[in-house]
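Reader: Hi! I'm new to looking at protein structures, and I learn best by studying one part slowly. Could you pick a single part, take me through it step by step, and show me how it relates to what surrounds it?

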Amino acid sequence: AGIMSFPQISAQGNKSTKAARTKALLKAAKEGLIPTPDAYVSNNHKENLCLEYVKTFEDNFTRLFPDRVGRYLTSKNEFGVEKFVCTSVRPTQLQYREMYNVNKCAEFIAHYLDYEPLENPKAPPSTLPSSTQVLDWCVGDSFDFATLLCSYLLGAGYDAYVVQGYAPKYICERD
């Protein structure tokens with residue numbers, strides 16, 4: 001006897017399809033149908049060292065503060081490679097002057113991408129794709145939106161951050 005799991009569906013009827021998209025991308029990459037930059041499919045020495053430091057920090061933090069909720073410090077990217085979450089935020093400059101206004105930038109992302117809820121609304125996503133892939137897919141969850149927006153705002157000179165927290169259901173489902 002197991003617990004049935006239903007896909008999270010937003011007010012627009014969307015459900016999370018990230019796992020299916022990631023699976024299809026991995027298959028296409030393995031078959032050589034799409035180019036895969038080295039930085040997306042492997043870690044260099046510095047990235048591996050950073051992941052070791054992050055793991056040590058996480059272990060120490062958990063030991064010192066066992067009652068604290070876990071931190072979202074690492075995640076697999078769209079190619080299944082474990083990455084430090086902060087490396088997903090990349091300052092990105094755009095050629096359109098409108099994108100240097102915080103409201104116009106947020107409006108563009110909100111209208112360009114289709115929103116889908118998280119697979120599990122009480123946990124961070126198991127995959128955090130690159131902003132390039134999110135733009136290619138034209139769909140993302142709240143973490144994907146936040147990472148892309150932060151990357152654009154950093155490129156425009158804003159002091160921008162991505163933070164993790166909880167929101168009411170009507171916000172998470174864009175109701």
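**A close look at helix H6 and its surroundings**

Author: Let's start a little way off and work inwards. Not counting residues up to four places away in sequence, Cys172 touches Tyr115, Pro117 and Ala167. Before going further, please keep in mind that this is a predicted model. Cys172 belongs to helix H7, which covers residues 169-172. Its relative accessibility is 29%, so Cys172 counts as partly exposed. From Cys172 to Thr147 is a step of 25 residues in sequence, and their C-alpha atoms are 16 Å apart in space. Thr147 is one of the buried residues of H6, and that helix is our part for today.

First, try a ruler on the helix. H6 runs over residues 142-155. With 1.5 Å for each residue, its 14 residues should span 20 Å, and the C-alpha atoms at its ends are indeed 20 Å apart, so the two values agree.

Now look at how the helix begins. Asp141 sits in the loop between E4 and H6, where this residue caps the N-terminal end of the helix. You can find the cap by looking for a side-chain oxygen of Asp141 that lies 3.0 Å from the backbone nitrogen of Phe143. Is Asp141 buried or exposed? With a relative accessible area of 3%, which is under 20%, Asp141 is buried. Beyond the neighbours within four places in sequence, its contacts are Lys18, Tyr115, Glu116, Pro117, Leu118 and Pro125. You have already met Tyr115 and Pro117, which are touched by Cys172 as well. Arg71, by contrast, is 70 residues from Asp141 along the chain, with 18 Å between the two C-alpha atoms.

At the other end, Gly157 follows H6, and its phi is positive, near 100 degrees. While we are on this angle, here is a useful rule: most residues other than glycine have a negative phi. Cys138 is worth a glance with that in mind, since its phi is near 60 degrees, a positive value in a residue that is not glycine. Cys138 lies in the loop between H5 and E4, and a relative accessible area of 26% makes it partly exposed.

Next, ask how much of H6 is covered. Of its 14 residues, 10 are buried, so the helix is mostly covered. The buried residues are Phe143, Asp144, Phe145, Thr147, Leu148, Cys150, Ser151, Tyr152, Leu153 and Gly155. As you go through that list, remember that residues three or four places apart on an α-helix point the same way, because there are 3.6 residues a turn. What do the buried residues pack against? Their partners are three helices and two strands: H1 (18-30), H4 (102-112) and H5 (131-137), together with E3 (114-115) and E4 (139-140).

Of these partners, let's take H4. Two packed helices are described by the angle between their axes and the distance between the axes. For H4 and H6, the angle is about 145 degrees and the axes are 10 Å apart. Their crossing is right-handed. On the H4 side, the residues that meet H6 are Val102, Cys105, Ala106, Phe108, Ile109 and Ala110, while H6 brings Phe145, Leu148, Leu149, Tyr152 and Leu153. This contact of H4 with H6 is made by 11 nonpolar residues, with no polar and no charged ones.

Ser151 gives us another view of H6, the helix in which it is placed. This serine has a relative accessible area of 1%, so it is buried. Apart from neighbours within four places in sequence, Ser151 is in contact with Ser88, Val89, Arg90, Pro91, Thr92 and Ser131. Among them, Arg90 deserves a closer look. Arg90 is located in the loop between strand E2 (82-84) and H4. A polar atom in the side chain of Ser151 lies 3.0 Å from the backbone nitrogen of Arg90. These two residues are 61 places apart in sequence, yet their C-alpha atoms are 5.0 Å apart in space. Although Ser151 is buried, Arg90 counts as exposed, at 55% relative accessibility.

To finish, trace the helix once more on your screen: begin at the Asp141 cap, follow the residues that meet H4, stop at Ser151 and its link to Arg90, and end at Gly157.

Definitions and conventions
Residues numbered from 1 in each chain as written. Predicted model: local features only at pLDDT ≥ 70, side-chain atom pairs only at ≥ 80, totals over all residues. Heavy atoms only, no water. Helix = DSSP H or I, 4+ residues; strand = E, 2+ residues; numbered from the N terminus. Expected span 1.5 Å × (residues − 1). Buried < 20%, exposed > 50% of the residue type's maximum accessible area, 1.4 Å probe, protein only. Contact = heavy atoms within 4.5 Å. Polar contact = N/O pair within 3.5 Å; in protein donor to acceptor, adjacent residues only side chain to side chain. Axes fitted to C-alpha atoms, helices over the stretch in contact; angles between N-to-C directions. Left-handed = near helix turned anticlockwise from the far one by under 90°. Nonpolar A, V, L, I, M, F, W, Y, C, P; charged D, E, K, R; others polar.
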